[in-house]
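Visitor: Before we begin, could you take me through this chain step by step, with the reasoning behind each answer?

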Amino acid sequence: MSRYLLKRILMMVLTLWIIVTLTFSLMHMIPGDPFASESDQLPEQILLNLRAKYNLDEPLPMQYLLYLKSLVMLDLGPSIKSETRGVNDMIKDGFGASALIGLQAIAVALFFGLLFGTIAALNRNTWIDYTAMVMAVLGIAVPSFIMAPLLINYLAIKWPLFPVATLTSWKHSVLPSLALAFGPLAIITRYMRTSMIDVMNQNYIRTAEAKGIPTFLIVIKHGIRNAILPIVTFMGPLIASLLTGTFVVEKIFAVPGIGKYFVDGIFNRDYPVILGTTVFYSAILVLIIFLIDLAYMFIDPRIKLSSRGR
């Protein structure tokens with residue numbers, strides 16, 4: 001176990017380093033800098049002082065090393081466009097809002113996805129199955145930035161059930177959570193249906209049925225537990241993306257989350273904000289994937305962490 005943990009931690013650090021390096025390189029390949037739009041409005045000396053303040057006057061290798069040094073100290077740097085707040089403060093303030101709507105979206109997608117997928121599998125080739133699959137295809141085909149205006153139109157304007165903008169109460173989080181949940185819900189439904197059909201055709205399921213065990217107990221104790229493994233694999237990047245904010249949806253609903261800061265950082269060419277949010281998202285992603293790998297052992301004891309254990 002200790003050897004496996006050490007190996008995975010080293011792989012996580014290497015992955016983050018590669019992501020930081022690629023993001024830094026691609027970001028600086030774009031012509032211009034954060035002060036290009038102000039070059040005609042500010043004196044040359046002020047522009048030079050601003051570039052020196054944020055180390056933009058240094059050669060790119062030196063900028064890269066300075067950023068890695070601050071990153072090791074868990075300092076994501078100051079925001080170029082905000083004089084009073086650093087990137088750490090922005091992520092600290094925005095993560096709560098992103099995590100709230102993300103957790104709600106995950107709960108909705110997971111609960112109804114497993115439910116609809118299981119019902120479709122148990123009623124294979126019936127109208128129930130066909131209806132669930134049609135709805136799943138629609139959920140996958142319609143992206144969240146299309147679903148969001150539809151929800152606003154019907155659930156906030158025509159039928160004023162929920163408020164739209166900001167995030168001052170739980171009601172404000174309903175519509176963005178639903179907009180985020182539709183796509184994952186559809187994918188989980190399809191995965192669960194396929195996996196459940198395969199599991200229900202296994203010999204141990206037939207043996208349990210031959211013993212007279214009720215179908216409900218067979219599905220709960222044996223079917224869902226074994227069919228959920230593909231869903232667990234899919235949940236890793238899904239959880240990371242939803243917890244750290246889906247940028248377009250947060251922008252549509254004016255949710256003060258990480259996604260809003262990332263989009264604003266791109267428009268403003270705010271290098272520390274772009275790098276900081278990317279690093280934070282990547283760290284959450286690799287950590288959750290690591291936890292998902294550990295979760296496999298508890299879901300299916302036959303899965304081991306190493307070839308020696310296997």
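The questions below go from the whole chain to single residues.

Visitor: Which pattern does the chain follow when read along the sequence?

Guide: This is a predicted model, and everything said here should be read with that in mind. The chain has 13 helices and zero strands. Read from one end of the sequence to the other, the pattern is therefore written with helix symbols throughout, as α-α-α-α-α-α-α-α-α-α-α-α-α.

Visitor: What percentage of the residues of the chain count as buried?

Guide: The C-alpha atoms fill a box of roughly 85 × 60 × 30 Å along the principal axes, and the chain exposes about 17,400 Å², of which carbon and sulfur atoms supply 69%. A residue counts as buried when its relative accessible area is under 20%. Of the 310 residues in the chain, the share that meets this cut-off is 41%.

Visitor: How far apart are the end C-alpha atoms of helix H1?

Guide: Helix H1 covers residues 2-29, and its 28 residues, taken at 1.5 Å a residue, should span 40 Å. The expected span is 1.5 Å times one less than the number of residues. The value computed from the model agrees with that expectation, since the end C-alpha atoms are apart by 41 Å.

Visitor: With which residue does the side chain of Gln63 make a polar contact of 3.4 Å?

Guide: Gln63 lies in helix H3, residues 60-72, and is buried because its relative accessible area is 10%, where buried means under 20%. Leaving aside residues up to four places away in sequence, Gln63 touches Phe24, His28, Asn55, Leu56 and Glu58. Among the buried residues of H1 are Phe24 and His28. The side chain that joins Gln63 in the polar contact of 3.4 Å is that of His28.

Visitor: Which helix gives the largest share of the nonpolar patch?

Guide: The nonpolar surface patch, of about 740 Å², is made by Phe145, Ile146, Leu150, Tyr154, Trp159, Leu161, Val248 and Ile252. The elements that give two or more residues to this patch are helix H6, residues 144-158, and helix H11, residues 247-252. The largest share, four residues, comes from H6.

Visitor: Is Ile252 buried, exposed or partly exposed?

Guide: Ile252 is found in helix H11 and is one of the residues that make the nonpolar patch. Its relative accessibility is 32%, and the class between buried, under 20%, and exposed, over 50%, is partly exposed. Ile252 therefore counts as partly exposed.

Key
Residues numbered from 1 in each chain as written. Predicted model: local features only at pLDDT ≥ 70, side-chain atom pairs only at ≥ 80, totals over all residues. Heavy atoms only, no water. Patch = residues over 30% accessible without salt bridge, like charges linked within 9 Å, V, L, I, M, F, W, Y side chains within 5 Å. Areas by Shrake-Rupley, 256 points an atom, 1.4 Å probe, with all protein chains shown as cover. Salt bridge = Lys/Arg side-chain N within 4 Å of Asp/Glu carboxyl O. Buried < 20%, exposed > 50% of the residue type's maximum accessible area, 1.4 Å probe, protein only. Polar contact = N/O pair within 3.5 Å; in protein donor to acceptor, adjacent residues only side chain to side chain. Contact = heavy atoms within 4.5 Å.
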